[in-house]
Amino acid sequence: MDKSISGLSALISAAFLFSATAHASGGHSEIIKQVTDRGLKVVSPFKAVEGMTGYVLDSKGSPVTIYVTRDGEHAFVGTLIDKNGANLSAPKVQELFIDAQNKQAWSKLENSHWIQDGNPNAETVIYAFVDPNCPYCHRFRTAALPWLNAGTVQIRHIVVGVLAHDSVAKAATILGSKKPLGAYIKNFETFRSGGIVPVDDASERGQAKVEANNRLMSELGVSATPGIYYKDGTGTVGMRLGLPPENEFKRIMNP
């Protein structure tokens, strides 16, 4: 069974312990309504194999796939594979759930409180949720310096305070500074000796911005820093939690 449905078995079982009729409810079969009544949301139906309609649903931010028979009497939840073992569910989850979610996230990132780092005219734009105390965020910018210095990449740092007791104060000091990029770079350059020292007046000015960034991070389900959003060569928005391995890092920097 697909890992994305872990913990949902009781919910799904409760929804399917009956023989559903095929009449439509809200444009979907009654068996789907039984599931949505229990908290799942339909993201999109899709054409599956002959005799079945597939659905991608949202369960508190996690994708679930359900397949309903043509008569609407039965359904199963999980991964559909073909005779060669190919996963037929994964491409639909990627297209209808993950890619769509990341595309919506991009517009929210554009309107967040970020710090411009690098050439503002660089075509490659990367958004990164970063915490002033995050060693992997420090390593991320260190690895990105060749592209930043070459002017081919711009990173928009969305500074949050989530890791340590003084993360909020440091993040607020950076965002509340009269020169946020300078404050961010100061934290970067002094990271190994403790980073930027919080300043009360700057911290007060930046507090609301940090809180807004923290809320956005939570809303998007970003559970680690750096939380990196980028576009590939086709313009599709991708997301990566944590420091990418070298080969993936190069693809992000050179879409």
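## Span and bend of helix 4

The expected span of a helix is 1.5 Å times one less than its number of residues. In this predicted model, helix 4 covers residues 135–150, and its 16 residues should therefore span 22 Å. The C-alpha atoms at the ends of helix 4 lie 24 Å apart, which agrees with that expectation.

Helix 4 is bent by about 50° at A144. A proline, P146, follows A144 within four residues. Just after the end of helix 4, G151 has a positive phi of about 80°.

## Burial of helix 4

An α-helix has 3.6 residues a turn, so residues three or four places apart point the same way. The buried residues of helix 4 are C137, H138, F140, R141, A144, W147 and L148. A144 is thus both the site of the bend and one of the buried residues.

The cover over these buried residues comes from several elements, both strands and helices. Among the strands are strand 7 (114–118), strand 8 (124–130), strand 9 (153–159) and strand 10 (227–231). The helices include helix 6 (180–189) and helix 8 (246–253).

## Helix 5 against helix 7

Two packed helices are described by the angle between their axes and the distance between the axes. Helix 5 (residues 167–176) packs on helix 7 at an angle of about 110°, and their axes are 6 Å apart. Angles of 65 to 115 degrees count as roughly perpendicular, so helix 5 is roughly perpendicular to helix 7.

On the helix 5 side, the contact involves V168, A169, A171, A172, T173, L175 and G176. Helix 7 contributes A202, S203, R205, G206, Q207, K209, V210, N213 and N214. By class, the contact of helix 5 with helix 7 has 7 nonpolar, 7 polar and 2 charged residues.

## Helix 5 against helix 6

Helix 5 also packs on helix 6: the two axes come within 7 Å and cross at roughly 140°. This pair is therefore oblique. K170, I174 and L175 of helix 5 meet P180, A183, Y184 and N187 of helix 6. The residues of this contact divide into 5 nonpolar, 1 polar and 1 charged.

L175 takes part in the contact with helix 7 and also in the contact with helix 6.

## V197 in the following loop

V197 sits in the loop between helix 6 and helix 7 (200–219). Exposed means over 50% relative accessible area; V197 has 61% and is therefore exposed. In sequence, V197 and I174 are 23 residues apart, and their C-alpha atoms are 9.7 Å apart in space. I174 is one of the helix 5 residues in contact with helix 6.

Key: Residues numbered from 1 in each chain as written. Predicted model: local features only at pLDDT ≥ 70, side-chain atom pairs only at ≥ 80, totals over all residues. Heavy atoms only, no water. Helix = DSSP H or I, 4+ residues; strand = E, 2+ residues; numbered from the N terminus. Bend = angle between axes of the 7 residues up to and from the residue. Buried < 20%, exposed > 50% of the residue type's maximum accessible area, 1.4 Å probe, protein only. Contact = heavy atoms within 4.5 Å. Axes fitted to C-alpha atoms, helices over the stretch in contact; angles between N-to-C directions. Parallel < 35°, antiparallel > 145°, perpendicular 65-115°, else oblique. Nonpolar A, V, L, I, M, F, W, Y, C, P; charged D, E, K, R; others polar.
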